[in-house]
Amino acid sequence: MEDDAPVIYGLEFQARALTPQIAETDAIRFLVGTQSLKYDNQIHIIDFDDENNIINKNVLIHEVGEIWHISASPADKGVLATCYNKTSDSKVMTCAAVWRMPKELESGSHESPDDSSSNTQTLELLCHLDNTAHGNMACVIWEPMGDGKKIISLADNHLLLWDLQESSSNAMLSSSAALEGKGQLKFTSGRWSPHHNCTQVATANDTAIRGWDTRSMRQIYYIENAHGQLVRDLDFNPNKQYYLASCGDDCKVKFWDTRNVTEPVKTLEEHSHWVWNVRYNHSHDQLVLSGSSDSRIILSNMVSISSEPFGHLVDDDELSDQEDHHQEEKTKEPLQDSIIATYEEHEDSVYAVEWSSADPWLFASLSYDGRLVINRVPRALKYHILL
């Protein structure tokens, strides 16, 4: 029985890192990384049983420091990367590593172990992404359509492209680029485009967005003042190759056509505080999620700049004359953009929102107090899009 009611899970730790398990396309599954200074940090594997509307969890010990970012391999269910704090010589560094979870936990739809004491297992370290020369790691991004062997890490002002070799037990730095110029040159986030044969990456630093060609490691576009304040996050439209969404501390979500970056194509101003995250739905690109320090998640219907601006087009042959006339009237005007829903189950800053990789109508959000909420696109809208 499908229900639009949210399902809430408390981690008991502060947390800001969330990812769907990308390679798992059958079971609904998310990974969450904790930020605890006192205890061992953990990765919670969250399995959502949508038939019974319950969450099952398994806990993995992440023996190094608190987790700032987590990302899952697109090709191997068991492999993930984290960026985490490490203290050495009383200096705190943010490092990155690639890990493997225990074999028996790789696939989704696990039930929670009955005995909570026996269920903590440890992640196996595959390799470190050595950043001694490059500074603090902001995030690790995987080549979207790839075999899980190519990753990019952003460290201070360096963009580093790695090749994972020998079943990911070794990371070779294959090429790199650096931000040059005055001021605070530090990457905050990046996304790898699924288009152009996966040769383009977008990065954010300060108020700017840059596009890079991964073959030459040269800059291909530059949006100087993309936001009035720090740019927090980026995402590519999965169906429209030049479309990019961004969000930031100016409380805005903006949409860009990277062929002409002088002005955003669209701007959303619905949040009242910093916007940490923006995510396109993988199947229906008019659906866009944003999460903010105003504790809200907003689901927008950006249909005018989607791959189906006139709604779901029907083949002419399928229509009778009467319907034909009606259809013509209906498709003259592009549909209107709108806010579909605002979700208010969080009481703290929402640091992450992510769509499920198995169910296009379901998403998870995470606030700093360790509250994870699983929500669905309203059923009425789902059928409107599908029909």
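Here are some friendly notes on this predicted model, point by point.

1. **Overall make-up.** The chain holds two helices and 29 strands. It runs to 387 residues, and 55% of them count as buried. If you look at contacts between residues at least 6 apart in sequence, 52% of these join residues at least 24 apart.

2. **A four-stranded sheet.** One open sheet is built from four strands in the order S1-S29-S28-S27, with antiparallel pairing. Its edge strands are S1 (7–10) and S27 (350–355), each of which pairs on one side only. From one strand to the next, the twist averages 20°.

3. **How S1 sits in that sheet.** Strand S1 pairs with strand S29 (residues 371–376) over four bridges, in the antiparallel sense. For a landmark to click on, find Gly10, which stands opposite Arg371 in S29. The side chains along S1 alternate: Val7 and Tyr9 point to one face and are buried, whereas Ile8 and Gly10 point to the other face and are not buried.

4. **Just after S1: Glu12.** The loop between S1 and S2 contains Glu12. This residue is worth a look for its backbone, since its phi is positive, about 70°, although Glu12 is not a glycine. Is Glu12 buried or exposed? Glu12 counts as exposed because its relative accessibility is 76%, and the cut-off for exposed is over 50%.

5. **A second positive phi: Asp206.** Asp206 is not a glycine either, yet it has a positive phi of about 55°. You will find Asp206 in the loop between strand S16 (200–205) and strand S17 (208–213). With a relative accessibility of 39%, Asp206 counts as partly exposed.

6. **A five-stranded sheet.** Another open sheet takes five strands in the order S2-S3-S4-S5-S9, and here the pairing is mixed. The edges are S2 and S9, each pairing on one side only. The twist in this sheet averages 30° from one strand to the next. At the S9 edge, strand S5 (residues 54–62) runs parallel to S9 and is joined to it by three bridges. Val59 stands opposite Thr120 in S9.

7. **Leu31, inside the five-stranded sheet.** Leu31 belongs to strand S3 (residues 28–34). Its relative accessible area is 1%, so Leu31 is buried. Leaving aside neighbours within four places in sequence, the contacts of Leu31 are Ala17, Leu18, Thr19, Ile43, His44, Ile45, Ile70, Ala72, Leu80 and Met101. For a distance check, Leu31 and Asp47 lie 16 residues apart in sequence and 8.9 Å apart in space, C-alpha to C-alpha.

8. **Leu123, in the loop after S9.** Leu123 lies between strand S9 (120–122) and strand S10 (124–129), in the loop that links them. Is this loop residue, Leu123, buried or exposed? Leu123 is buried, because its relative accessible area of 7% falls under the 20% cut-off. Not counting residues up to four places away in sequence, Leu123 touches Ile43, Leu60, Ile61, His62, Leu80, Trp99, Arg100 and Met101. Leu123 and Met101 are 22 residues apart in sequence, while their C-alpha atoms are 5.1 Å apart in space. Met101 is also among the contacts of Leu31.

9. **Ser290, a buried polar side chain.** Ser290 is part of strand S24 (residues 287–292). At 3% relative accessible area, Ser290 is buried. What does the side chain of Ser290 make a polar contact with? The partner is the side chain of His271, at 2.8 Å. With neighbours within four places in sequence set aside, Ser290 is in contact with Val253, His271, Val275, Asn277, Val278, Arg296, Ile297, Ile298 and Val353.

10. **The largest pocket.** The largest pocket has a volume of about 1,500 Å³. Its lining counts 50 residues, of which His69, Ile141, Gly190, Arg191 and Arg279 are the closest to the pocket's centre. Two or more lining residues come from each of strand S2 (15–20), strand S6 (67–72), strand S11 (137–142), strand S15 (187–192), strand S19 (231–236), strand S23 (275–280) and S27. Two of these strands have appeared in the points above as sheet edges: S2 in the five-stranded sheet and S27 in the four-stranded one.

How values were computed
Residues are numbered from 1 along each chain as its sequence is written. This is a predicted model: local features need pLDDT of at least 70, side-chain atom pairs count only at pLDDT 80 or more; totals for chains, interfaces and linings use all residues. Side-chain values use heavy atoms; hydrogens and water are left out. Two strands pair if DSSP finds at least two bridges between them. Axes are lines fitted to C-alpha atoms, for helices over the stretch in contact, and angles run from 0 to 180 degrees between N-to-C directions. Buried means under 20% relative accessible area, exposed over 50%, partly exposed in between (1.4 Å probe, protein chains only). A polar contact is a pair of N or O atoms within 3.5 Å; within protein, one must be able to donate a hydrogen and the other to accept it, and residues adjacent in sequence count only if both atoms are side-chain atoms. Contact means heavy atoms within 4.5 Å. On a 1 Å grid over the protein atoms alone, a cavity is a set of points where a 1.4 Å probe fits but cannot get out, and a pocket is an open set with protein on both sides within 12 Å along at least five of seven lines; lining residues have an atom within 4 Å of a point. Grid points are joined across faces, edges and corners, and a volume is the space filled by probe spheres set on the points.
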